[in-house]
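Please examine the sequence and the structure shown below. The paragraphs that follow lead through them step by step, beginning with how neighbouring helices are arranged.

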Amino acid sequence: MMNAHIMNATDSLCAGGFESYYRSLVQYFANNKRDNLSYTQFRISTNRAKSQLKCDKEAIFYTVAYAWTHYLSARRLLTQTFESIEFNAQSNSWQVIDYGCGQGIASLALLDHIAEAGYAHNTSIDLVLIEPSVISLNIAKFLCKRLAQARGIKLTVQTQACYLDEAVLPKQNACGKTLHLMSNILDIPEVQDSLEHITDSMSQIEGEHVVAATGPVYPNNTEGFNKLYNLAPEVLDCLVNKQEFFCNEEYKVTGGYWYTRDTDRQFLVLKWQN
């Protein structure tokens, strides 16, 4: 059963998108600190967010602490992606695979982007969510289905509760187009080790492929971007490959206040045809 506080915040998600959802959870967290994890507790229980989340309290803390910057990065990535590829005003069908999806932030950013661009009524998405944390995966599926329904986007959802080196990508693609989302995962060594398996699986899916990746400007992330690029098909279009700096307002969990933070992000968008 879904956590009651996440359920309540989901009403805000459906009414006002991810920003409303985030602010609703921040308000709950700020007003009920004794019922939630401290930063020290979260750091110890999740190895500084490197281990998979195991309970609702960890999921809520993660959203309050990190989700807004991740969402804004995904929105910037998707804006650049759809500026570079054809989006049909009449009908759009996409298979979307969200790798290491966590609580579905990148997929939610995609749904918000489609709705705000005015394409909700003619878009259908077959969404595949891949994530080892069962609690995160269940939240991602729940939120994506609710938001798509609220926005009038046709959506089917498949889930795989596994690590990426165990993922089985769908070989049949009725949509003819696949969007691969990689948000804040390419700096992780285990993910980098799985890229050969993932790109080999991609090569077996017919049709048009677009890989959209973003992450922090860290040496590990650059290494992951480079490995992904080198493992991708030789014949491709590199549509976006750059770093961006932006400022955003965010809630600081260690201080209990809102502040403006500076954010550096890397963006990579690749396109090819199988």
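Helix 1 and helix 2 are roughly antiparallel to each other, because the angle between them is about 150 degrees and angles over 145 degrees count as roughly antiparallel. This description, like all that follows, concerns a predicted model. Helix 1 covers residues 4-16 and helix 2 covers residues 18-31, and their axes lie 7 Å apart. The two helices cross in a right-handed manner. On the side of helix 1, the contact is formed by H5, I6, A9, T10, S12, L13 and G16, and on the side of helix 2 by F18, S20, Y21, S24, L25 and Y28. Sorted by class, the residues of this contact comprise seven nonpolar, six polar and no charged ones.

Two residues of helix 2 in that contact, F18 and Y21, lead to the interior of the model. Together with L179, F18 and Y21 have the most contacts inside the largest nonpolar core, which has 62 residues. Helix 4, spanning residues 56-84, gives the most to this core, with 13 residues. In soluble globular proteins, nonpolar side chains tend to be buried together. What does L179 touch, leaving aside its neighbours within four places in sequence? The contacts of L179 are L78, F82, W94, Q95, V96, I97, L110, V210 and A212. A second core, separate from the largest one, has 25 residues, and I97, V128, L270 and W272 are included in it.

Helix 4 also packs against a neighbour. Helix 5, made up of residues 105-116, meets helix 4 at an angle of about 50 degrees, with 9 Å between the axes. The two helices are therefore oblique to each other, and their crossing is right-handed. From helix 4, the residues A67, H70, Y71, A74, R75, L78, T79 and F82 take part in the contact; from helix 5, the residues I105, A106, L108, A109, L110, D112, H113 and E116 do so. By class, there are 10 nonpolar, three polar and three charged residues in this contact. L78 and F82 of helix 4 and L110 of helix 5 belong to this contact, and L78, F82 and L110 are also in contact with L179.

Several individual residues of helix 4 deserve a closer look. Is H70, whose place is in helix 4, buried or exposed? H70 is buried, because its relative accessible area is 13% and buried means under 20%. Apart from its neighbours within four places in sequence, H70 is in contact with Y62, I105, N184 and R265. E83, also found in helix 4, counts as exposed because its relative accessibility is 64%. The C-alpha atom of E83 is separated by 25 Å from that of L13, and the two residues are 70 residues apart along the chain. K57 has its place in helix 4 as well. With a relative accessibility of 40%, K57 counts as partly exposed. Not counting residues up to four places away in sequence, K57 touches D35 and L37. From K57 to D187 the distance between C-alpha atoms is 25 Å, while the separation in sequence is 130 residues.

The loop between helix 3, residues 39-46, and helix 4 contains N47, and R48 is found in the loop between helix 3 and helix 4 too. N47 has a positive phi of about 55 degrees although it is not a glycine. For R48, likewise not a glycine, phi is positive at about 60 degrees. How is each placed with respect to the surface? N47 is partly exposed, since its relative accessible area is 44%. R48 counts as exposed, because its relative accessibility is 52% and the cut-off for exposed is over 50%.

A further pair of helices completes the tour. Helix 7, residues 189-202, and helix 8, residues 219-231, pack at an angle of about 20 degrees, and their axes are 10 Å apart. That angle makes helix 7 roughly parallel to helix 8. Helix 7 passes helix 8 in a right-handed crossing. In this pair, Q192, D193, L195, E196 and T199 of helix 7 meet N220, E223, G224, K227, L228 and L231 of helix 8. The contact of helix 7 with helix 8 consists of three nonpolar, four polar and four charged residues.

Conventions
Residues numbered from 1 in each chain as written. Predicted model: local features only at pLDDT ≥ 70, side-chain atom pairs only at ≥ 80, totals over all residues. Heavy atoms only, no water. Core = buried A, V, L, I, M, F, W, Y, C linked by side-chain atoms within 4.5 Å. Buried < 20%, exposed > 50% of the residue type's maximum accessible area, 1.4 Å probe, protein only. Helix = DSSP H or I, 4+ residues; strand = E, 2+ residues; numbered from the N terminus. Contact = heavy atoms within 4.5 Å. Axes fitted to C-alpha atoms, helices over the stretch in contact; angles between N-to-C directions. Parallel < 35°, antiparallel > 145°, perpendicular 65-115°, else oblique. Left-handed = near helix turned anticlockwise from the far one by under 90°. Nonpolar A, V, L, I, M, F, W, Y, C, P; charged D, E, K, R; others polar.
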